[in-house]
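Morning, everyone. I have one structure to take you through today. Please have a look at it before I start.

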Amino acid sequence: MTPRLGLSIRHHTGFTYDGVAKASYNEARMTPRSLGTQQVQASKLTVRPAVPTWTYTDYFGTIVSAFDIQETHPQLEVEAVSQVESWAATLEAPLGWSELRSPHLVDRFSEFLLPTTRTAMGEVADLTAWRNLPDVHQCVEAVAGFVRSEVSYVPGATTVSATGREAWDRRKGVCQDITHVTIGLLREMGIPARYVSGYLFPAIDSEAGDVVEGQSHAWVEYYSGSWTGIDPTNGVRETERHIIVGHGRDYDDVAPLKGIYQGAASTQLGVVVEMRRTH
Amino acid sequence: MAVKFESDASGAWNEMFSAPGQARPVYERLLADLDAYQPQELRARSEQLSRTFIDRGVTFAHSGEERPFPLDLVPRILGALEWDRLARGIAQRVRALEAFLADVYGAGRIFDEGLMPRSVITSSPHYCRPAFGISPPNDVRIAVAGIDLIRDEHGNFCVLEDNVRIPSGVSYVIENRRAMTQAFSSLFSDHRVHPVDSYPSRLFAALLAAAPRKAVDPVIVVLSPGVHNAAYFEHVLLARMMGVELVEGRDLVCRSNHVYMRTTNGERAVHVIYRRVDDDWLDPLQFRPDSVIGVAGLVNAARAGNVVISNGIGNGVADDKLVYTYVPEFIRFYLGEKPLLDNIETHRLEDAAVREAVLASLADYVLKPVDGSGGKGIVIGPQATKTELKALRKAIAAAPRNFIAQRPVALSTHPTFVGDSLAPRHIDLRPFAVNDGSDVWVLPGGLTRVALGEGELIVNSSRGGGSKDTWVINDEAVAFRGAVPPASSRPRRHGAAPRQNDEFVGAGDEQ
Amino acid sequence: MLSRLAESLFWIGRYIERADDTARIVDSYVHRMVEDPFNDESATCRSLYSILGIEVGPERLNTAETLQTIVYDIDNPNSIAGALNGAYENARRSRDYISSEMWVALNTTRNELPKRESRARNFGPSTYLGYVRERAALLAGLTDATLSHDDGWRFLVLGRNLERIDMTARLLRGRVVSDENAPDWMAFLRASGAMEAFMRNTREVDDANGVAAFLMLDRLFPRSVLYSLNLADECLVEIQPVSQRISSGDPARQALARARGMLEFIDPRQLIEQLPELLEMLESTCFRITDAVTDRYFRHEEAVAWIIEEGL
């Protein structure tokens, strides 16, 4: 496998306060990790006001930068810059259904088979037809395609705290919601599925050096003998343009920036993701 | 007053008598001593005891009211030989639970070996993913354990449940002994009762041993949710007797993964936190953000190795009653030993066949929620109404993981001072174990809880239970009984009141 | 020591003293309120309220309600029962620090109050007030005899003395505004427990200036303002971290020094004319010291609500 895409990613986010915040404690999950399909060459996370950050790897393997700010501050900014080499995964032959449903695998992946508040769907669709598909990959594609056809991608349609079921009921949502819905259905069918938080590089045809506006993105990985990615929002499999930051049972395990503080109400600063091909 | 044998219809084991007129050897002397008292005299002493408790604030908060935890005048006695067996069984269990927690929050060998399904853990509400990667410097996650025991119809002690989160009640053990030595000093001069007042120094030593290696002169604190907590008195007592600060969340602050307490002389680093705050409320960054009694950033400070949280975060997974059913396996697997203490016969309801069998005769079982403590949510089949059983059946069908079924065990009975006479009441036992990393020490005796209602089987303080001073006595005192000189001419061994001059508030049902 | 603990001790000192002083002041009114048939009930009650610094509306006041508010109402932190309850609540929070004898004394006092109250309703408030004074004396004695005289004790003594200055100032003000319903100078002396000490010193009981000077300036009588100021200052000096060899301009000590300066250099014979001004100064001094001490030593977060940052 040869690297196909080199990217420089700048992810900028933060909050501004009506007045000031003090005693703020945060965890950022904004640093891509090295995996089979991507190699992180450099990464750096900076916080303003300037404070030291401390890094650890969480239960799901995501790199976490933790920091606290004690001085009063009117605004909090976090910026993560990384250089990543990425290539597309090859699709491997899936396990058969009987293997996938063996007690051993069911237990091993129980965490990614149980519903969470975010992914519990209830009986919203008849899954029988897909269950009868012989090939797990085909089945997942069909489910993802179904979700994509039912739930339209509408930026701002839901808030960050929405559950998959809420988005489903409105039939619209953002990538986070479409991912939750897909995960919920896959789990109901007994396919281990997990949430992926990362970035999507939108302009494969851009020149090296051009800065393009990218986005924070979410998609699905399911287990079919190995973890395999699929992007239900865009109706594609995971490509070299998908850069992975972390995994979890749902959004809450991999929220890019979560924190608590004392002080005045806050407003999100808006997320900026800039991406640039390096080669 | 004379104590008579009263048989119990339930077939329960009688702690004091083996047959009418036939006292068990460890109780012989006590019976003789009690004979010397008139009922009115016992009543007066009993009233005096409860008044002392109220004056000294030896109470626990229940429904917004400070109540004393009634202390029964008749002590429960265990012979040293029997106690030794129990203590070894408890220590063994604590060592196995330690190994299990290290494994669950580490390599997960027990799952790889197929001895326990991973799903038991991943579905447990107390499985704490943020606890992953926090490794205690001396490998101790269970500094204090309260292993609840009951004695079954055949006289065997069985484990009822394990409490390795924040087991409470040890303050009653200390305070009951203190009250009894004052009210009944003569009894103590006739018995060689193992003392209980070394508990705080044992706990202190264990906390000191748990300190981060880099802390030169470790500072230990007791973290309490505050005065409104049911067990506040216990927090006060332990802090005092260990000579450490009793802090609340607002006294502490985390900066760059170090924890400090706010003093009149500036901030002072803290290295070991004996916390009496639940996981859920401990760190608003990791757990409930609405917690105002926790310390933001505490979990990461522990992860960075700058502070030790004791008992460990995520220990609740070992208290899960479904996990309880696997503890004998743990002992065999991790320790390569044979369990010295049995579990009560328990059925896991996730297995469809087992579930069907239990549901078919639900009235023959005791059903317990897997994450309940303090007797909450327990349904005793033989005593349940049809409506209760119906609701239970529905709840089990909806979430079989949330319950276990146990054989109803008639808890042993012990003569207890009720009204103006002695009557049998059901009791259990909560011994306390302290793990300093090299040794698990078990406090001799522990807390005997007594259900004060006739026939009542649930002994928790929140259900109107009381307690008994629990004595471990040297059996040879019984063997040499004839040769024991009169009390006045013997040196007093344990007759003196414990040294501490502490106050006592009751511990409620933290666990 | 823990800031929160220091604050609790400071308030234990203040509250016990407040209960004691309030009991003394009420006692000096009781004769008029309960026993004097010619007394203007409403005006006397109003006078008592005003001495205690409690604002009341223009309505007619009666003795029973007034005693309820000032003596028995446990929810009012300025009442006697309320102050004892405040001391108890703070003692609960500092129970790992104070001596068990202090704790038991406070706990039993609080448990005993309802019984004393119902007895007082039948036999008049004097027994209740006497009980409170006795318990306050017991608590003060236990404080001094069973606590180590370390910073914790100093915060407690500091609180006690600030409260005492505040109350003595209030007591004198009742006289200064020449309120005819206020007790006379003799009653004041009795309320302050100063009767004998004063008589031994001077025999001129009708000399208003002499009484005021004694309560304000006497260097040996422990309830005089100057005496309390000196004690408070000693506490502040010793509480200060030893490392600070150069005075860091402690605002609490500055306020205290100003008050002491004014009292030290006053001509006792002209005290009565300057009394209104001095009393006002003393009240504001007490406020300033409390603020400064709180700011410097009692810094701890109140239980704060955290706000979740929700973001992408």
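How much area does chain A expose, and what share of it do carbon and sulfur atoms supply? Chain A exposes about 11100 Å². Carbon and sulfur supply 51% of that area. One caution before I go on: this is a predicted model.

Let me stay with chain A. Its secondary structure comes to 6 helices and 16 strands. The radius of gyration is 19 Å, close to the 19 Å that the globule rule gives for 279 residues, so chain A is as compact as a globular protein of that length. Draw a box along the principal axes, and the C-alpha atoms of chain A fill roughly 60 × 40 × 35 Å.

Now the inside of chain A. Of its 279 residues, 57% count as buried. Then the contacts. Take those between residues at least 6 apart in sequence: 77% of them join residues at least 24 apart.

What about charge? Chain A has 24 positive and 33 negative charges. The mean positions of the two sets are 1 Å apart.

On to chain B. How many helices and strands does chain B have? There are 17 helices and 25 strands. Chain B has 511 residues, and buried residues make up 62% of them. For contacts in chain B between residues at least 6 apart in sequence, the share joining residues at least 24 apart is 72%. Chain B exposes about 18500 Å². Carbon and sulfur atoms supply 50% of that surface.

Next, chain C. Here we have 13 helices and 1 strand. Read along the sequence, the helices of chain C come one after another, and the strand follows at the end of the pattern. The radius of gyration of chain C is 20 Å, close to the 20 Å from the globule rule for 312 residues, so chain C is as compact as a globular protein of that length. Its C-alpha trace spans about 75 × 50 × 45 Å along the principal axes.

How buried is chain C? Of its 312 residues, 56% count as buried. Of the contacts in chain C with a separation of 6 or more, 65% come from residues 24 or more positions apart. The accessible surface of chain C is about 13600 Å², and 50% of it belongs to carbon and sulfur atoms. Chain C carries 36 positive and 49 negative side chains. The centres of those two sets lie 4 Å apart.

Last topic: cysteines. A disulfide is a covalent bond between the sulfur atoms of two cysteines. How many does a search of the whole structure find? The count is 0 over all chains.

Take Cys254(B) as one example. Cys254(B) is in no disulfide. The nearest cysteine sulfur belongs to Cys128(B), and it is 16 Å away. Is Cys254(B) buried or exposed? Cys254(B) counts as buried, because its relative accessibility is 2%, and the cut-off for buried is under 20%.

Now Cys286(C). Why is there no bond from Cys286(C) to the closest cysteine sulfur? That sulfur is in Cys235(C), 14 Å from the sulfur of Cys286(C), which is too far for a bond. The cut-off for a disulfide is 2.5 Å between the sulfur atoms. Cys286(C) also counts as buried, at 3% relative accessibility.

That's the tour. I'm happy to take questions.

How values were computed:
Residues numbered from 1 in each chain as written. Chains lettered and ligands numbered in written order. Predicted model: local features only at pLDDT ≥ 70, side-chain atom pairs only at ≥ 80, totals over all residues. Heavy atoms only, no water. Helix = DSSP H or I, 4+ residues; strand = E, 2+ residues; numbered from the N terminus. Rg over C-alpha atoms; globule rule 2.2 N^0.38 Å. Buried < 20%, exposed > 50% of the residue type's maximum accessible area, 1.4 Å probe, protein only. Contact = heavy atoms within 4.5 Å. Areas by Shrake-Rupley, 256 points an atom, 1.4 Å probe, with all protein chains shown as cover. Lys, Arg positive; Asp, Glu negative; His and termini not counted. Charge placed at Lys NZ, Arg CZ, Asp CG, Glu CD.
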